[in-house]
Amino acid sequence: MEDSLVDWSRAQFALTAIYHFLFVPLTLGLSFIIAIMETIYVKTKQEKYKKMTKFWMTLFAINFAIGVATGIIMEFEFGTNWANYSWFVGDIFGAPLAIEGILAFFMESTFFAVMFFGWNKVSKGFHLLSTWLVAIGSNLSAFWILVANGWMQYPVGMKFNIDTVRNEMANFWDVALSPVAVSKFLHTVGSGYVIGALFVVGISAWFLLKKREIAFAKSSMLIAATFGLIVSLFLALSGDESAHQVALKQPVKLAAMEGLYEGKEDAGIVAIGILNSKKSVDNNEDTFHFEMEIPYALSLLGYHNPNAFVPGLKDLVYGNEKYNIESAKEKIAKGKIALEAFKQYKKYEKEGNTKKANDAKLVLESYVNYFGYGYLDKPTDIIPPIALTFYSFHIMVALGGWFILLFAVILFLLLKKDITKQKFWLYASVFSIPLGYIAAEAGWIVAEVGRQPWAIQDLMPVGIAATNIATTNVQITFFLFAFLFTALLIAELKIMAKQIKIGPNGGH
């Protein structure tokens, strides 16, 4: 398969995923904020909270509709652009996606109609229930999608069927409740909650700067900032667990996240650093031009032990006998044995030589966990793009710290000061809306770029996962999707901006 075809297929999926995740997190976070606002309305019977709920619900609806369009395209791309992948793991990967569509998305969509169009048509209690079910359905959708993604990062609960060349599900609960899937779900939805809170706080700050809807903006900001502070602290905790799972299951990714070439005990985290582009596992160049390190923090983050050994890229590529780390060269050799055993099995099956076929099958079963390594050419192929992974991780972490500070300060100013006079923090709130999206996209770059070259960890490299079609077909659809998604994004921003300018008193 041509490298250009794989690169264009990868680029198209990255484009779709990045655009899709511009819409998803706001749906996850804003749905719960709206549910909280409507709950306050039902409890207090104050019309201002109904007006507040309906205003933010309108913005939610705009975002929801466009997010669905990009998500549907992304799922179809598994079949059009990644047919080998879909064949190899479709029995497992398809199950959570089917549950997401049949259960979560249908529930979310059904009750969305009641939530949006059901004012004065159903009872207050049922309408409130519908709003909460939309929020729960949105998050259930995210759960099943992240179960599928978590399995790609840490494939468990399956058995390889040598006759069909497919991985088949052996234990549904191992897949659904994988520690990687659970940690990814909690951290990803946490980022969505933070974005939803930033969105409400930022737009409320805009109203205050314009000296419009002061009471409405303060009340919205109070609810969102309280929610935001809680979920941003939760995001930090879930991030800690996510990093721990990466250390245990994907140590190469962790080393790339920190630009760690030489493994060490008592490893620190680089708080600020500039990577040396000349550095590689094969030379003795300095890793950083400049760095500031927090002692012991990486060992603590990765292994919950400040003195733990954290393997570096050299350890993972060339092995480390002291810490019982197998080299990539050894893994590649075992992968080649697995591939050869598979070929021999097919050959002897065709010839009707049952004994030799069974012998080959036993060899394959012994080395099947190294199957993907057989497609790699050299040990350094296991190293992902270091700079992109490193900087994305540090941008995400730095912005996460900023969000905690922002929500805490906004809450303090709302409760103890006159926030309308705090221009700096109001402007900071407005400009933090895009920062939330940058942090979320950076997190996904860490998750996906950091696990390269794997489509499925250790089992299938990206290079053999793609559909073998003409490169021009992928190029044409790439630019078509780029145009379509950009048009949808511009449309959403224009419609939202218009609705925000109208304000809560101009709505229904």
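## Two pockets and a domain contact

The largest pocket in this predicted model is lined by 48 residues, and those nearest its centre are F13, A17, H20, M74 and I145. Its volume comes to about 1400 Å³. Who builds the wall? Helix 1 (3-44), helix 2 (47-80), helix 3 (83-117), helix 4 (124-153), helix 14 (423-449) and strand 7 (454-456) each put in at least two residues. Helix 1 makes the largest contribution to this lining, with eleven residues. As for chemistry, the lining of the largest pocket splits into 31 nonpolar, ten polar and seven charged residues.

Now for the runner-up. The second largest pocket has a volume of about 940 Å³. Its lining counts 43 residues, with H187, G239, F393, M396 and V397 closest to the centre. Two or more lining residues come from each of helix 6 (179-209), helix 7 (214-249), helix 8 (251-258), strand 4 (269-275), helix 13 (386-416) and helix 14. Sorted by class, this second lining holds 25 nonpolar, 15 polar and three charged residues. Helix 14 turns up in the lining of the largest pocket and again in that of the second largest.

Here are the two pockets next to each other:

| Pocket | Volume | Lining residues | Residues by the centre |
|---|---|---|---|
| Largest | about 1400 Å³ | 48 residues | F13, A17, H20, M74, I145 |
| Second largest | about 940 Å³ | 43 residues | H187, G239, F393, M396, V397 |

Where does the second largest pocket sit relative to the domains? Domain 1 (3-248 + 388-502) and domain 2 (255-323) both give residues to its lining, so this pocket lies between them. The domain assignment also has a domain 3, covering 328-375.

Domain 3 has its own contact with domain 1. The C-alpha centres of these two domains are 41 Å apart, yet eleven residues of domain 1 touch 13 residues of domain 3. Between them they bury about 1000 Å², with carbon and sulfur atoms giving 71% of that area. On the domain 1 side, F160, I162 and D458 lose the most area to domain 3, and together they make up 46% of what that side buries. How many salt bridges are there between domain 1 and domain 3? The count is zero.

Salt bridges do turn up in the model, though: the count comes to eight. One pairing is R10 with D7, where the closest N and O atoms are 3.2 Å apart. R10 and D7 are three residues apart in helix 1, which means that about one helical turn separates them. Helix 1 is also the element that gives the largest share of the lining of the largest pocket.

Two bits of backbone geometry deserve a look. Most residues other than glycine have a negative phi, and most peptide bonds are trans. K45 is not a glycine, but its phi is positive, at about 60°. This lysine is found in the loop between helix 1 and helix 2. The other spot is the peptide bond from Q452 to P453, which is cis with omega near 15°. P453 belongs to the loop between helix 14 and strand 7, and both of those elements supply residues to the lining of the largest pocket.

How values were computed
Residues are numbered from 1 along each chain as its sequence is written. This is a predicted model: local features need pLDDT of at least 70, side-chain atom pairs count only at pLDDT 80 or more; totals for chains, interfaces and linings use all residues. Side-chain values use heavy atoms; hydrogens and water are left out. On a 1 Å grid over the protein atoms alone, a cavity is a set of points where a 1.4 Å probe fits but cannot get out, and a pocket is an open set with protein on both sides within 12 Å along at least five of seven lines; lining residues have an atom within 4 Å of a point. Grid points are joined across faces, edges and corners, and a volume is the space filled by probe spheres set on the points. Helices (H or I, at least four residues) and strands (E, at least two) are DSSP runs, numbered from the N terminus. Ala, Val, Leu, Ile, Met, Phe, Trp, Tyr, Cys and Pro count as nonpolar, Asp, Glu, Lys and Arg as charged, and the others, Gly among them, as polar. Domain bounds come from an automatic or database domain assignment. Contact means heavy atoms within 4.5 Å. Buried area is the accessible area (1.4 Å probe) that two parts lose on being put together, summed over both. A salt bridge is a side-chain nitrogen of Lys or Arg within 4 Å of a carboxyl oxygen of Asp or Glu.
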